[in-house]
Amino acid sequence: TKKDMCVWQMENHLEQEWTTLDMLNHFDYNLKSDEATTGQFTNHFLTFRNNHKTRLFFEDFYNFSIDNKNLWLPKEYNLVNHPNFVEPRWLQSLLSLMIKKNDKELNFMKIGNKDIYKFGSLHPQIYKHDSKYPYLIK
């Protein structure tokens, strides 16, 4: 089946360490939920198919960012964050939680750190393509 979005989940950056409890709570998650204890999705690398479902996703993202700026760009925290909380990742935290919340509605291709780093670079254009295989080689 066709994928709606390709997203990178950083397994070594747990959501609870980079997203405020205020934001998690808004999405009905707590610090012990699967969504809080798994890696955050980054907004650095994101591809998506332009279709009705993804347009609705980004419309919701935009509307939330306008209507709830106090959650993704907080001046203060109302709830106590995780003990290992570093700092909020602002819109990246929002994007990550929306991806987790919409996991059933959208068809995501999720890639992890191993997929990104297996060639030792984030710049695939520096590697040649092997004609026999659909992946890059050195």
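In this predicted model, the side chains of Glu15 and Gln40 are joined by a polar contact of 2.9 Å. Glu15 is part of helix H1. With a relative accessibility of 0%, Glu15 counts as buried. Leaving out residues up to four places away in sequence, Glu15 touches Leu24, Glu35, Ala36, Thr38, Gly39, Gln40, Ser93, Ser96, Leu97 and Lys100. One of these residues, Lys100, also forms a salt bridge with Glu15, at 2.9 Å from N to O. Lys100 belongs to helix H6 and Glu15 to helix H1 (residues 15-18), so the pair ties together parts of the protein that are 85 residues apart in sequence. Lys100 and Glu15 are both buried.

The count of salt bridges comes to four. Side chains of opposite charge can pair when their charged atoms come close. Besides the bridge between Lys100 and Glu15, a salt bridge is found between Glu87 and Arg89, with 2.4 Å between the closest N and O atoms. Glu87 has a relative accessibility of 34% and therefore counts as partly exposed. Arg89 is also assigned as partly exposed, at 28% relative accessibility. Another salt bridge joins the side chains of Lys110 and Asp103, at 2.8 Å from N to O. Lys110 has a relative accessible area of 43%, so this residue is partly exposed. For Asp103 the relative accessibility is 32%, which again means partly exposed.

The protein as a whole contains seven helices and five strands. Read from the N terminus, the order of these elements is β-α-α-α-β-α-α-α-β-α-β-β. The protein has 138 residues, and 43% of them are buried. Of the contacts between residues at least 6 apart in sequence, 76% join residues at least 24 apart. The accessible surface of the protein amounts to about 9000 Å², and carbon and sulfur atoms account for 53% of this area.

Strand S1 pairs with two other strands, S2 and S3. The pairing of S1 with strand S2 (residues 39-48) is antiparallel and comprises six bridges. Within this pairing, Gln9 stands opposite Phe41 in S2. The pairing of S1 with strand S3 (residues 108-111) is parallel and comprises four bridges. Here Cys6 is placed opposite Met109 in S3.

The largest nonpolar core holds 21 residues, of which Met23, Phe27, Phe57, Leu94 and Ile99 touch the most other members. Two or more residues of this core come from each of strand S1 (5-14), helix H2 (21-26), helix H4 (52-67), helix H5 (69-72) and helix H6 (91-101). The most residues are given by H6, which contributes five. A second core, separate from this one, has five residues, among them Trp8, Met10, Ile111 and Ile116.

Met23, one of the core members that touch the most others, was examined for its contacts beyond four places in sequence. These contacts are with Phe64, Leu71, Trp72, Trp90, Ser93, Leu94 and Leu97. Helix H6 itself is mostly covered, with nine of its eleven residues buried. The buried residues of H6 are Gln92, Ser93, Leu94, Leu95, Ser96, Leu97, Met98, Ile99 and Lys100. Of these, Lys100 is the residue of H6 that pairs with Glu15 in a salt bridge, while Ser93, Ser96 and Leu97 are among the residues that Glu15 touches. Ser93 and Leu97 are likewise among the residues in contact with Met23.

A further polar contact involves Asn81, which lies in the loop between H5 and H6. Asn81 has a relative accessible area of 12%, so this loop residue is buried. A polar atom of the Asn81 side chain is 2.7 Å from the backbone nitrogen of Leu21. When neighbours within four places in sequence are left aside, Asn81 is in contact with Thr20, Leu21 and Leu31.

Methods
Residues are numbered from 1 along each chain as its sequence is written. This is a predicted model: local features need pLDDT of at least 70, side-chain atom pairs count only at pLDDT 80 or more; totals for chains, interfaces and linings use all residues. Side-chain values use heavy atoms; hydrogens and water are left out. A nonpolar core is a set of buried Ala, Val, Leu, Ile, Met, Phe, Trp, Tyr and Cys residues joined through side-chain atoms within 4.5 Å. Buried means under 20% relative accessible area, exposed over 50%, partly exposed in between (1.4 Å probe, protein chains only). Contact means heavy atoms within 4.5 Å. Two strands pair if DSSP finds at least two bridges between them. Accessible areas come from the Shrake-Rupley method with a 1.4 Å probe; for residues, only the protein chains shown count as cover. A polar contact is a pair of N or O atoms within 3.5 Å; within protein, one must be able to donate a hydrogen and the other to accept it, and residues adjacent in sequence count only if both atoms are side-chain atoms.
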